[in-house]
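Let us read this model by question and answer. Each reply ends on the item asked for.

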Amino acid sequence: MSLRRENLPLEGLGLPHPLSKREIEKGFETLIGENRLFGAELNPDIIKKEGEKRKFLVSRLPSRKKLLSRWERIFRDLISPACLFERASTKIQDFEHRENMLLVGKDRIIYDTQIARGSDVVGEMTLFFLAERDRNLGLLAYLRGRRNRIVYIDHIRLSQQSSGYASSLFRYYETLFHDLGFHQFRLSASLSVGKYYWAKEGFDCLDREEFRRMKESLRDYVKERGLPVEEIDINRLTHAYDIALFRKDLKVSAYCNAEGYYSLKKDEEYREEKLFPLGKAYLLSAKPWDGYKIIYTNTPRRTGLLYSPGYLSHRPRAGHPENHKRLGKLIEAIRKDDLQGSLVLLEPFLPDMRSLEKVHSAGYLDEFRNNVRTGKKTFATVDCSISEGSFDVALLAAGGVMAGVDAVMNGRVDNIFCAVRPPGHHAGRRSAMGFCFLNNIAVGACYARDVYGVKKIFILDWDVHHGNGTQEIFEEDPLTYFCSIHEHPTFSFPGTGRRMEKGKGEGYGFTLNLPVKPHTADREFLDLFEREVIPEIDRFRPDLIMVSAGFDAHKDDPIADLELTERSFVHMTRRICEMADTYCKGRIVSVLEGGYNGSSLTSSAIAHIKTLQGRSEPCTSEEG
Amino acid sequence: MYVGRRMTRKVIAMSPNDTVRDANRVLQENRIHHLPVVEGGELVGIVSDTDVRKWVLKEEKINEGGTIYRRTGLVDEIMTRDVITMSPEDTIEDALLILHKKRFGALPVVEGRTLVGIITKADILAAFVDTLRIEGAGGVRIEVILPRDISRLLRLIRKLEEMRIEIRSLVLSPFQGEFVAFLRIGTIDVAKVKSGLRDSGFTVPALKDFLG
C-alpha cells in the first residue's frame with residue numbers, strides 16, 4: 001500500500017513522503033501490462049469513441065522520462081500510478097468502473113471510465129488531474145515549483161437514480177485527493193435535472209450573472225404571490241446553496257408533470273400539485289443552469305474569507321492609520337500566498353436598518369448618515385475621520401459579519417475570517433470612537449441569535465485595545481460572554497477594561513477583562529490566555545465563538561505597546577478552534593479589528609487564517 | 001468646587017434615643033460608616049462604626065463574668081458630641097484637608113445647626129475621578145515633563161491643538177524640581193502624539209518610567 005495516511009486530517013498539511021522513482025516506474029509497468037495506460041493528445045477534431053464529449057485523443061505512450069516527470073509534477077510521487085488507478089476505480093455501493101484507463105497528456109493526466117451497475121452501463125466519467133500555475137502566486141513562487149494542483153470532474157453522466165452514488169463517490173474522492181495534497185477538486189456539470197439536489201450539495205452557478213438573474217426572478221415570484229418574505233432575506237442569498245435552504249418554514253405549491261419536472265405555474269402539462277419549502281420549490285422549477293463546485297481539499301478545515309473591494313472606499317484623511325491600504329495589502333498578500341485557492345471566498349451584503357437597530361439607536365444611525373451626507377470631515381471625534389462612502393462602507397462591514405455568520409451557520413464553511421473595515425469594537429450603542437462607527441461583531445452576534453437561534457455566544461476580543469463598545473452592548477446579557485484581553489487602560493486607549501468590569505445585572509460574571517502591562521510578550525500573554533480565557537470558555541460552553549481579531553498587539557505595530565509575535569495569534573487561534581470543536585461544531589466567526597503596520601498585520605492575519613484552516617505550520621516569517 | 005455640590009444630600013441620621021443595636025443595623029444595611037445624630041433637625045453628634053464596635057467590645061468585657069444580661073445602650077451614650085462640621089459654602093479642598101489631617105472618614109454639612117448633608121472620603125474620590133476623567137471610554141493618559149516655565153506649557157497645548165488632539169483633562173504637578181503634566185487625550189493613536197511631542201523637544205517618559 002503506497003498511500004500513506006500518517007497525518008490525521010486535524011494535524012495539518014503534512015504530506016506523506018514521496019516514493020522512489022523505481023516504485024513509480026513499477027506502477028506504470030503494471031498498468032501497461034494490464035493495457036490500461038495510454039498517451040493523450042488534446043485535439044478537438046478527433047474525438048475518442050462515438051459522440052462523446054471528450055476532447056482528447058488516445059495516442060502513443062510518451063517516453064519513460066516524460067512519464068516520470070509528468071507524474072512527478074502532478075502527483076509529486078506521493079502515490080504510484082497503479083495504486084492511484086486502483087483507488088480511483090474503487091467499487092462504491094454496487095457501482096463499478098469498467099473500461100477504465102489512465103492517459104498521460106502533455107499538461108494533464110486523465111482518468112476515464114464507464115460506470116456500471118451489474119451488467120448495465122449507467123454512466124461515464126472523466127477526471128482531469130492538472131498542476132496549474134496560479135497567476136496570483138507570482139514568479140518566485142512559480143520558480144520554486146508552487147502550483148495549484150487541481151482535479152476536475154470534467155464530465156460525468158449518470159442515470160437519474162444514481163445521485164446517491166454520485167454523492168458517495170464525490171465524498172470518497174474528496175478524501176482521497178485531500179490526502180494526496182490536491183488544492184482543489186472541481187466538478188462541472190450542467191444542471192438540467194436534480195437542480196435542487198445539486199444546489200444542496202454545494203453546486204453554484206458557474207456564471208455570477210446567472211445567479212443574479214436567479215435572485216431577481218425569485219424576487220419577482222415572491223412579489224407576484226405576495227409572499228411574506230423580506231427584501232433583505234433575498235438580498236443576503238449569495239450561493240445556490242442558500243436558495244436550496246431558503247425559507248424552509250414557508251411552503252408553496254409546485255406542479256409536477258408526467259416526467260417528473262416541476263413548474264411554479266399550473267397548466268395543462270404541469271398538473272399534479274405538491275407543497276415544498278419556498279427555496280426547494282423554486283429550484284425544482286428553475287431553468288437549467290451550469291453548475292460548478294470547488295471542493296477545497298488541501299486544508300483540514302474549510303475556511304471562508306469574506307471581503308469586498310467596497311471596503312476600500314472608506315477614505316479617512318491622509319496619514320490616518322486606519323487607511324484603505326492596510327486592508328488592500330492584506331488581501332494582496334492573501335492572493336500571493338497560495339492561500340486564496342484554499343479559501344472559500346464570500347461577499348458581504350448591505351443589511352437593512354432594522355438589523356442594525358438591534359445594536360445602535362436609530363437616532364445615532366441617522367446622525368452618522370447625516371454627518372457623512374453633509375460632507376463632514378469627522379464624526380464624533382477627530383479619530384473618526386469620514387469620507388463620502390463611509391456610511392455605506394460601515395454598513396457593508398456590518399453586513400459582512402452577517403454574511404459570515406450565514407456561511408458558518410448554514411455549513412458552507414467551518415469557520416470564517418471577515419476582512420472588513422472600518423473596525424467596530426469601540427462603537428457603542430450611541431457612540432463612535434477609535435476609528436469605529438458600527439459595532440460589526442455585535443451586529444453579527446445579534447443576527448446569529450435572531451436568525452439562527454444561536455443561544456450562547458462567546459466573543460473573544462484580542463485587539464490590543466479594550467472592546468468597550470462590545471462590552472457596553474452586551475454587559476447585561478448573560479448569554480453573550482464578552483472577554484477582552486488588552487493593554488492596561490492606564491496606558492492605553494480607551495481607558496476602560498479593568499478587571500473590576502465584570503458585567504451588570506443579569507450579565508454580571510459574563511464579561512471578563514484581562515488587562516496586560518505594556519511590553520508584555522508572547523509567553524506572559526499566552527500564560528494569561530491559558531489560565532483565564534480557556535477555563536471560561538469551558539465553563540460557558542458556547543454555541544458560537546466570535547473573535548474581534550485585531551493584530552495591533554504585534555510588536556511591530558506602532559499604535560500600542562505590546563510585544564507579541566505571530567506565534568501568539570497562532571496559539572490563540574488553535575486553542576479556540578479546539579474549543580469550538582468541543583462545544584460548537586467548530587463554528588468560529590473571526591472579524592478583523594485593528595492592526596496598523598502593513599507587514600505585521602499581513603503576516604499575523606495570514607497566520608491566523610492558516611490556523612483557522614487547521615494547518616500545522618502557519619507562520620511564514622522568521623519570527624513566527 | 002464647593003462642598004454643597006459634591007456632598008451626599010440624602011443623609012441617614014439617628015436620634016440620640018435610638019439604641020446602639022439599631023444604629024449598628026442601619027450602618028450595615030446601608031453599607032455606610034457614619035451616622036449624624038439629630039435632635040429636632042439640629043445636629044447634636046455623630047456616631048461612626050468604630051464607636052459602635054468599641055461599645056460592643058466594652059459590653060462583652062463586662063459580661064465576661066458569665067451573665068447573659070444585655071444592656072440596651074443608646075446612641076446618646078456613644079456619640080461624639082464635639083463634631084467638626086462643614087458648610088455647603090466651604091470648598092472641597094477644605095474638606096479634603098480636614099479628612100486628610102484628622103484622619104476622619106466623613107464630615108456632616110450644616111447650615112447654622114441644621115443638618116443638610118454629609119461629605120465623605122467616597123465623595124472626594126468621586127470628585128477626583130470626575131475631575132481627572134478617569135472613568136468612561138475614549139481617553140488615554142500621557143505624561144509630559146516640563147521645566148518650571150509656563151511658556152513650555154503653552155507650547156505643549158499649542159502643539160496638541162495643532163495635532164487636533166482633544167484634551168480631556170490636564171493636571172500639572174511639581175516633579176523633581178520640574179513640572180509633570182498629566183493629560184488625558186481623546187485619541188486612539190497615542191503613539192503618534194507621543195512621537196510628535198518628542199520630535200518637538202518635549203520629554204515624554206517611556207512607559208516603564210510612567211509615574212502611574
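Helices (H or I, at least four residues) and strands (E, at least two) are DSSP runs, numbered from the N terminus. This is a predicted model, in which local features need pLDDT of at least 70 and side-chain atom pairs count only at pLDDT 80 or more, while totals for chains, interfaces and linings use all residues. Residues are numbered from 1 along each chain as its sequence is written, and chains are lettered from A and ligands numbered from 1 in the order in which they are written.

Q: How many helices and strands does chain B have?
A: The DSSP runs of chain B fall into both classes. The count is 8 helices and 7 strands.

Q: Is chain B compact or spread out?
A: The radius of gyration is taken over C-alpha atoms, and the globule rule is 2.2 Å times the number of residues to the power 0.38. For the 212 residues of chain B the rule gives 17 Å. The C-alpha trace spans about 80 × 40 × 35 Å along its principal axes. The radius of gyration is 25 Å, well over the rule's value, so chain B is more spread out than a compact globule.

Q: What is the radius of gyration of chain A?
A: Chain A has 19 helices and 22 strands. For its 624 residues the globule rule gives 25 Å. The chain is as compact as a globular protein of that length, because its radius of gyration is close to that value, at 27 Å.

Q: What percentage of the residues in chain A is buried?
A: A residue is buried if 20 or more other C-beta atoms lie within 10 Å of its own, exposed if 12 or fewer, and partly exposed in between, with C-beta atoms placed from the backbone. In chain B, 25% of the 212 residues count as buried. For the 624 residues in chain A, the share is 48%.

Q: Is B:Leu125 buried or exposed?
A: B:Leu125 sits in helix α6 (residues 121-132) of chain B. Its C-alpha lies 9.7 Å from that of B:Leu96, 29 residues away in sequence. Because it has 10 other C-beta atoms within 10 Å, B:Leu125 is exposed.

Q: Which strands stand at the edges of the 8-strand sheet in chain A?
A: Two strands pair if DSSP finds at least two bridges between them. The sheet is open and parallel, in the order β14-β13-β17-β22-β21-β18-β19-β20. Each edge strand has a single partner, so one side of each is left without a neighbour in the sheet. The edge strands are β14 (344-346) and β20 (511-516) of chain A.

Q: Which residue is the bridge partner of A:Leu305?
A: Strand β13 (residues 303-306) and strand β17 (residues 415-418) of chain A pair in the parallel sense over 4 bridges. The partner lies in β17(A). It is A:Phe417.

Q: What angle does helix α14 of chain A make with β17(A)?
A: Axes are lines fitted to C-alpha atoms, for helices over the stretch in contact, and angles run from 0 to 180 degrees between N-to-C directions. Contact means that the C-beta atoms of two residues, placed from the backbone, lie within 7 Å. Helix α14 (residues 390-409) touches β13, β14, β17 and β22 (588-592) of chain A. Its angle with β17(A) is about 170 degrees.

Q: Which helix of chain B packs on the sheet β5-β7-β6?
A: The three strands form an open antiparallel sheet. β5(B) and strand β7 (residues 178-185) of chain B pair over 7 bridges, and B:Arg141 stands opposite B:Arg184 in β7(B). The helix touches β5, β6 and β7 of chain B, at about 145 degrees to β5(B). It is helix α7 (residues 150-162).

Q: Which strand gives the most to the side of chain A that touches chain B?
A: The contact takes 20 residues from chain A and 15 residues from chain B. The leading strand gives 3 residues. It is strand β16 (residues 381-385) of chain A.

Q: What is the mean pLDDT of chain A?
A: pLDDT is the predictor's confidence in each residue, from 0 to 100. Over residues 1-15 of chain A it is below 50, and over residues 44-52 it stays under 50. Where pLDDT is low, the predicted coordinates should not be read in detail. In chain A, 90% of residues reach 70 or more, and the mean is 88.
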